[in-house]
Amino acid sequence: MPAPSAAPSAAPAAAQAGRARPWPRPPHCLPAARLQEPPENARVTVAGLVILRQRPGTAKGVIFVTLEDETGVVNVIVWRKIYETFRRAVISGRLLRVTGRLQRAHAVTHVIAETVEDISPMLDLLLAEQGRQGDPAFADGSELG
């Protein structure tokens with residue numbers, strides 16, 4: 001007879017409420033293509049390459065960051081207080097993990113940052129030998145002759 005599971009089922013409330021597919025909860029990252037699934041104000045974590053940073057003079061210290069993952073883009077709003085706390089990551093990070101609340105306005109979804117983590121060292125994993133074997137996106141050098 002199999003032993004009973006030590007951990008109770010951790011099915012998210014959304015799945016129990018009839019959602020067919022629960023979204024990843026922090027600290028797991030939600031892909032950009034699934035940002036429409038969680039409800040307004042849900043706490044999510046996203047990650048991606050920084051493709052744009054904007055700090056308009058009229059924005060009163062707010063920074064807008066656009067991240068891109070393999071499924072699309074994520075718009076992130078970093079308020080002044082959060083920027084001051086995570087300044088180094090916001091300014092210099094090439095790959096960021098952001099946890100915050102979802103906000104939807106005028107058919108645009110934003111993540112209002114609560115924490116910002118620079119995970120740029122993970123970019124090296126993209127180039128790791130085990131990560132690119134058999135991947136046609138990476139040349140193996142044989143074509144250089």
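In this predicted model, Gln-103 has His-110 of strand E5 as its bridge partner. That pairing is a handy way into the fold, since E4 (residues 95–105) and E5 (residues 108–118) run antiparallel and are joined by 10 bridges. The two strands form a hairpin, with two residues between them.

His-110 itself sits in strand E5. Is His-110 buried or exposed? With a relative accessibility of 18%, His-110 falls under the 20% cut-off and so counts as buried. Leaving aside residues up to four places away in sequence, His-110 touches Asn-75, Ile-77, Arg-101, Leu-102 and Gln-103. The bridge partner, Gln-103, is thus also among the residues that His-110 touches. Looking further along the chain, Glu-40 is 70 residues from His-110 in sequence, yet the two C-alpha atoms are 10.0 Å apart in space.

The turn of the hairpin tells another story. His-106 is placed in the loop between E4 and E5, and Ala-107 is found in that loop too. Most residues other than glycine have a negative phi. His-106, however, has a positive phi, near 55°, and Ala-107, which is not a glycine either, has a positive phi of about 65°. On the surface side of things, His-106 has a relative accessible area of 80% and Ala-107 one of 86%. Exposed means over 50%, so His-106 counts as exposed, and so does Ala-107. Of the two histidines, then, His-106 in the turn is exposed, whereas His-110 in the strand is buried.

E4 has a further partner. Strand E1 (43–54) also runs antiparallel to E4, and seven bridges join them. Within this pairing, Gly-48 stands opposite Leu-96 in E4. Gly-48 turns up again in the pocket analysis, as described next.

Rolling a probe the size of a water molecule over the atoms shows where empty space is left. The largest pocket found in the model holds about 340 Å³ of space. Its lining is made up of 15 residues, and those closest to the pocket centre are Ala-47, Gly-48, Asp-69, Glu-70 and Leu-95. Which elements give two or more residues to the lining? They are strand E1, strand E2 (63–69) and helix H4 (123–127). By class, the lining has 11 nonpolar residues, three charged residues and one polar residue. Gly-48 therefore appears in two settings: opposite Leu-96 in the strand pairing, and among the residues closest to the centre of the largest pocket.

Stepping back to the whole chain, the protein has five helices and five strands. Read from the N terminus on, these elements run α-β-β-β-α-α-β-β-α-α. The hairpin strands E4 and E5 belong to this set of five strands. Of the 145 residues in the protein, 34% are buried, and His-110 is one of those that count as buried. Among contacts with a separation of 6 or more, 46% come from residues 24 or more positions apart. As for the surface, the accessible area of the protein is about 9600 Å², and carbon and sulfur atoms account for 57% of that.

Methods:
Residues are numbered from 1 along each chain as its sequence is written. This is a predicted model: local features need pLDDT of at least 70, side-chain atom pairs count only at pLDDT 80 or more; totals for chains, interfaces and linings use all residues. Side-chain values use heavy atoms; hydrogens and water are left out. On a 1 Å grid over the protein atoms alone, a cavity is a set of points where a 1.4 Å probe fits but cannot get out, and a pocket is an open set with protein on both sides within 12 Å along at least five of seven lines; lining residues have an atom within 4 Å of a point. Grid points are joined across faces, edges and corners, and a volume is the space filled by probe spheres set on the points. Helices (H or I, at least four residues) and strands (E, at least two) are DSSP runs, numbered from the N terminus. Ala, Val, Leu, Ile, Met, Phe, Trp, Tyr, Cys and Pro count as nonpolar, Asp, Glu, Lys and Arg as charged, and the others, Gly among them, as polar. Buried means under 20% relative accessible area, exposed over 50%, partly exposed in between (1.4 Å probe, protein chains only). Contact means heavy atoms within 4.5 Å. Accessible areas come from the Shrake-Rupley method with a 1.4 Å probe; for residues, only the protein chains shown count as cover. Two strands pair if DSSP finds at least two bridges between them.
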